[in-house]
Protein chains: 2
Amino acid sequence: MIRPIANERITEAEVDAIFTDRWSPRAFDDRPLTEDQVAALFEAARWAPSCFNEQPWLFRYAINKKDRSRFAEALVDKNREWAQHAPMLLFVLARKKFIQTGKANRHAMFDAGSAWMSLALQARRLGLYAHAMAGFSVEKAAEVMGVSLEDYEVMAAVVVGRRGDPSMLADDLAAAEKPNGRKSLAEMVKEG
Amino acid sequence: MIRPIANERITEAEVDAIFTDRWSPRAFDDRPLTEDQVAALFEAARWAPSCFNEQPWLFRYAINKKDRSRFAEALVDKNREWAQHAPMLLFVLARKKFIQTGKANRHAMFDAGSAWMSLALQARRLGLYAHAMAGFSVEKAAEVMGVSLEDYEVMAAVVVGRRGDPSMLADDLAAAEKPNGRKSLAEMVKEG
């Protein structure tokens, strides 16, 4: 049974609910995404801003069983355990050099983060959730995708899907299956 | 006169309009932001996800004339020319090390990008626009803020405000004052 989770996040200022409504569950339903859903996720990412409009992000995704198993090999065991049930697993990459000049792009990771955030917010608009993970082997991820780490940083592994029944999770993860908190505004913003 | 700009962006998939509605103008009206608007911008950024919920972003902002002039010293001349009219100028920083462990955080810039994207989208919800710039001196920015580049990466300078009359811009910038395009989905997404 999937209980709607009361979102108890408390904001310090009035803000669009899309931001507090986004969180990172671990229990995912295994029903596949539609083609339209998949396209909409990346379409949102596509319009993110970037330095010189370079669009240094690259998304590699797995939706069929074979690709998902292959991609999942790069995850740490603790993440693979729950993430393998989600209908989509993807990696967010950042291209390290500008295509035109070949020079290092110090904004590549930052801009890839903007594109990822757009994807995560669009997921909620579709009734889906996206959960990004740092717990994966960068080398293994590069290997399963066949990309060179000289060209790309592999920034995050992400699963996307509908929320599933938390009872499928190990007890410690089931207990943590709810939106988490944040530092105060005063700790992240300063005037002057 | 501020003409509403017809957004001619063409999407390949149906997506929430908030993503295509966001773009980066250069003509800004100089009317100040309200306290509620300022708080809402950062509140949106606050709820971005991050590796280990580290929240490695830091926002330093200038809204009074003195701070804005000081911050604007870090911009390249070509950006300062138009950006100085906006009622808010800020820098987005990424904390390089995890607070708890002191270890390098390879996700800091990526996560700061997520927080920045949330701010940019919330700006539109408030009827405002946010324009991020890479054209600034990192060293000068660190100096005017009094932060150490050993601790922080200064990722972007950002102005926020209402759209202004494009006739205030130099001719080449006035001609470019409209939403720009993107690569095709096929160039940024690959299955498998």
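Student: How many residues of chain B are in contact with chain A?

Tutor: This is a predicted model, in which local features need pLDDT of at least 70 and side-chain atom pairs count only at pLDDT 80 or more, while totals for chains, interfaces and linings use all residues. Residues are numbered from 1 along each chain as its sequence is written, and chains are lettered from A and ligands numbered from 1 in the order in which they are written. Two residues are in contact if their C-beta atoms, placed from the backbone, lie within 7 Å. On chain A the contact takes in 55 residues, and on chain B the number is 55.

Student: Which element gives the most to the side of chain B that touches chain A?

Tutor: The candidates are DSSP runs numbered from the N terminus, where a helix (H or I) has at least four residues and a strand (E) at least two. In chain B, α1 (17-21), α2 (35-46), β1 (57-62), α5 (108-125), β4 (152-161) and β5 each supply at least two residues of the side that touches chain A. With twelve residues, the element that gives the most is α5(B).

Student: How many residues of the side of chain B that touches chain A are nonpolar?

Tutor: Ala, Val, Leu, Ile, Met, Phe, Trp, Tyr, Cys and Pro count as nonpolar, Asp, Glu, Lys and Arg as charged, and the others, Gly among them, as polar. On this side of chain B there are twelve polar and 14 charged residues, and the number of nonpolar residues is 29.

Student: What percentage of the contact residues of chain B recur in chain A?

Tutor: Copies are superposed by least squares on the C-alpha atoms of residues with pLDDT of at least 70 in both, and a turn of 180° with a shift of 0.0 Å along the axis lays chain B on chain A with an RMSD of 0.0 Å. The two copies are therefore related as by a two-fold rotation axis. The same surface serves both copies, and the share of contact residues of chain B that recur in chain A is 100%.

Student: By what angle, on average, are neighbouring strands turned against each other in the sheet of β3(A), β4(A), β2(A), β1(A) and β5(B)?

Tutor: Two strands pair if DSSP finds at least two bridges between them, and here five strands form an open sheet with mixed pairing, in the order β3(A)-β4(A)-β2(A)-β1(A)-β5(B). Its edge strands, each pairing on one side only, are β3 (129-133) of chain A and β5 (189-191) of chain B. Axes are lines fitted to C-alpha atoms, for helices over the stretch in contact, and angles run from 0 to 180 degrees between N-to-C directions. With direction ignored, the average turn between neighbouring strands of this sheet is 25°.

Student: Which residue in β5(B) is the bridge partner of R60(A)?

Tutor: β1(A) and β5(B) run parallel and are joined by three bridges. In β5(B), the bridge partner of R60(A) is K190(B).

Student: Which residue in β4(A) stands opposite M133(A)?

Tutor: A residue is buried if 20 or more other C-beta atoms lie within 10 Å of its own, exposed if 12 or fewer, and partly exposed in between, with C-beta atoms placed from the backbone. Four of the five residues of β3(A) are buried, so this strand is largely enclosed by the rest of the structure. β3(A) pairs with β4(A) in the antiparallel sense over five bridges, and in β4(A) the residue opposite M133(A) is A157(A).

Student: Which residue in β4(A) is the bridge partner of A94(A)?

Tutor: Strand β2 (residues 88-95) of chain A runs antiparallel to β4 (residues 152-161) of chain A, and eight bridges join them. In β4(A), the partner of A94(A) is E153(A).

Student: Is G113(A) buried or exposed?

Tutor: G113(A) has its place in helix α5 (residues 108-125) of chain A. Beyond its neighbours within four places in sequence, G113(A) is in contact with M109(B), F110(B), D111(B), A112(B), G113(B) and S114(B). Because 35 other C-beta atoms lie within 10 Å, G113(A) is buried.

Student: Which residues have the most contacts inside the largest nonpolar core?

Tutor: A nonpolar core is a set of buried Ala, Val, Leu, Ile, Met, Phe, Trp, Tyr and Cys residues joined through C-beta atoms within 7 Å, and the largest one here has 127 residues. Not counting residues up to four places away in sequence, V92(B) touches W57(B), F59(B), A112(B), W116(B), M155(B), A156(B) and V158(B). The residues with the most contacts inside this core are V92(A) and V92(B).
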